[in-house]
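Work through the exercises below with the sequence and the model at hand. Each task is followed by its solution.

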Amino acid sequence: MKPLQITLLLYFFLSAFYSHAQEETGDYLEFNDRKNVVHGVYLGLSTRLGEIDGNNTYVGELKVAYVANQQFEVGFAGNFLYSEQDIYNDQRGRFEDIIVAYGGLHLEPIFFSKKLVNLSFPLLIGAGGVGYVENNFRDPDYIEEDLTGDDINAVFVAEPGVSALFNISRYLQLEAGVKYRFSSRINLPPTRTVNINGFSAGIGIKVGVFNMGRNRYKKSIQ
């Protein structure tokens, strides 16, 4: 085979290989195969309905978190809980419900993060305070009470769960999930409720930027 024919054959082979590589990289030239960390931050709000000792319980949550590579979250979560316990307090001569405020470290590994729907396993580890309040809110003579230190019991909480995350855009996620709350023992009169353990399920929204990182080692050839 003549040198010219060999050269042309080699040229067409390299051209075909280059075109194939160009299609695979989406019309980008890759100068470095190092993968950058993709950063993200967000503010999340959610509401859940659950139970404590078989009674309706309502939870609102606010969280702020950092997201690494769209695969792991770490941040802070704060919760406010209200439970319709309707427990009669002999000392005060009234029926009372439970209120709880707790918060702490939020951790959440995320799977299938590049898909439209992700699977995650959130975990909250923290502490807070639990107390009883009069449940007669509809009474026109009801006066909002201020809880003192004697009316509040410290409580430690661990709350694992499982969630589905829906990637609406780069700046918005919706979530739906189920959690179970474990707590330390509480000791407040009336003492029928000994902890605030229970399931809850609900929905939420996350607003922020989930992929601030860019691949600095790719350049468009167009």
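**Exercise 1.** What area does the chain expose, and what percentage of it do carbon and sulfur atoms supply?

Solution. Start with the origin of the coordinates: this is a predicted model. In this model the chain exposes about 13,600 Å². Carbon and sulfur atoms supply 63% of that area. Now turn to the interior: of the 222 residues in the chain, 34% are buried, where buried means under 20% relative accessible area.

**Exercise 2.** List the elements of the chain in order from the N terminus.

Solution. Count by type: the chain has 1 helix and 11 strands. Then read the order from the N terminus, which is α-β-β-β-β-β-β-β-β-β-β-β.

**Exercise 3.** Which strands does β8 pair with among β6, β7 and β9, and how many bridges join each pair?

Solution. Begin with β6 (residues 117–120): 4 bridges join β6 to β8 (residues 152–169), and the two run antiparallel. Within this pair, N118 has L165 as its bridge partner. Next take β7 (residues 123–134), which is antiparallel to β8 and joined to β8 by 9 bridges. Here V130 stands opposite N153 of β8. Last comes β9 (residues 172–183), with 10 bridges to β8, again antiparallel. In this pair V157 faces S183 of β9, and a hairpin of 2 residues links β8 to β9.

**Exercise 4.** What share of the contacts between residues at least 6 apart in sequence joins residues at least 24 apart?

Solution. Take the contacts in the chain between residues at least 6 apart in sequence; of these, 65% join residues at least 24 apart.

Note on methods
Residues numbered from 1 in each chain as written. Predicted model: local features only at pLDDT ≥ 70, side-chain atom pairs only at ≥ 80, totals over all residues. Heavy atoms only, no water. Pairing = 2+ DSSP bridges. Buried < 20%, exposed > 50% of the residue type's maximum accessible area, 1.4 Å probe, protein only. Contact = heavy atoms within 4.5 Å. Areas by Shrake-Rupley, 256 points an atom, 1.4 Å probe, with all protein chains shown as cover.
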